[in-house]
Amino acid sequence: MTTIGFIRHGITEWNKEGRIQGSIDIPLCEEGIQMSKDLSKRLGFKKWHAIYTSPMRRAKMTATIIASELQLTHVIEDSRIREIHEGKFEGTTEEERIKKWGKSWSTLALGTENEIDVIARGISFIEAIKKNYPNENVLVITHGSFIKKMLQRLVPYDEFDEEPENTSISIVTLKEVNHCSVYNCMKHHKE
């Protein structure tokens with residue numbers, strides 16, 4: 001039984017502006033750095049055996065902060081947990097998307113990564129984690145859309161309609177019937 005703590009990276013300026021980041025490599029802003037520090041202090045409730053990160057700067061910065069606090073000496077990058085490529089939508093705000101493509105812009109596939117491919121790379125990653133960390137706890141620093149799609153696949157009997165917030169944690173135990181005990185938790189965030 002492997003447990004995964006899925007963490008969405010800290011906030012960026014583009015998150016604040018409502019811009020789709022996708023594969024564009026945006027760093028954390030100061031607030032995102034602080035949010036990552038706040039989360040890292042909370043994660044000591046469990047022994048974590050490894051920490052994986054998307055290769056995107058916003059995820060790597062979050063992972064480095066967390067690893068330092070938890071005294072995990074090695075952050076492992078894995079491109080299978082990168083954010084979904086959003087094609088022509090990347091870099092745009094909701095207002096810009098509506099102006100350019102109309103209110104139903106989200107139904108268009110203007111160069112966006114195929115969902116089947118996203119799920120395939122995500123499940124490949126999960127299977128490797130299960131094999132390499134049996135009965136251990138692994139942190140995975142990744143992206144909101146990716147987390148939502150993975151949880152919908154891993155725990156199909158639960159509903160994960162809202163996208164995880166920046167630095168939220170969602171905990172899934174992988175077993176015969178996977179179980180999500182925590183979703184989109186932000187208890188560490190200071191109002």
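In this predicted model, the count of aromatic pairs comes to six. One of them joins Tyr-52 and Phe-125, whose ring centres lie 5.5 Å apart with their planes at 75 degrees, so that the pair is classed as edge-to-face, given that planes over 60 degrees apart fall into this class. The two residues belong to distant parts of the chain, since Tyr-52 sits in strand E2 (residues 50–53) and Phe-125 in helix H5 (residues 115–132), with the two positions 73 residues apart in the numbering. Tyr-52 has a relative accessibility of 9% and therefore counts as buried, and Phe-125, with a relative accessible area of 1%, is buried as well.

A further edge-to-face pair is formed by Phe-89 and Trp-101, with a distance of 5.1 Å from centre to centre and an angle of 90 degrees between the planes. Because Phe-89 lies in the loop between strand E3 (75–77) and helix H4 (94–101), while Trp-101 is part of helix H4, this pair ties together parts that are twelve residues apart in sequence. Phe-89 is buried, at 2% relative accessibility. Ring pairs also link Tyr-52 and Phe-125 with Tyr-133, and these three residues make up a cluster.

Turning to charged residues, a patch of negative charge is found on the surface, where Asp-158, Glu-159, Asp-161, Glu-162 and Glu-165 gather. Within this group, Asp-161 is placed in the loop between helix H6 (144–154) and strand E5 (169–174). The relative accessible area of Asp-161 is 56%, and this residue is therefore exposed, as the term applies to values over 50%.

Technical notes
Residues numbered from 1 in each chain as written. Predicted model: local features only at pLDDT ≥ 70, side-chain atom pairs only at ≥ 80, totals over all residues. Heavy atoms only, no water. Patch = residues over 30% accessible without salt bridge, like charges linked within 9 Å, V, L, I, M, F, W, Y side chains within 5 Å. Areas by Shrake-Rupley, 256 points an atom, 1.4 Å probe, with all protein chains shown as cover. Salt bridge = Lys/Arg side-chain N within 4 Å of Asp/Glu carboxyl O. Lys, Arg positive; Asp, Glu negative; His and termini not counted. Charge placed at Lys NZ, Arg CZ, Asp CG, Glu CD. Helix = DSSP H or I, 4+ residues; strand = E, 2+ residues; numbered from the N terminus. Buried < 20%, exposed > 50% of the residue type's maximum accessible area, 1.4 Å probe, protein only. Phe/Tyr/Trp six-rings, centres within 6.5 Å; stacked < 30°, edge-to-face > 60°.
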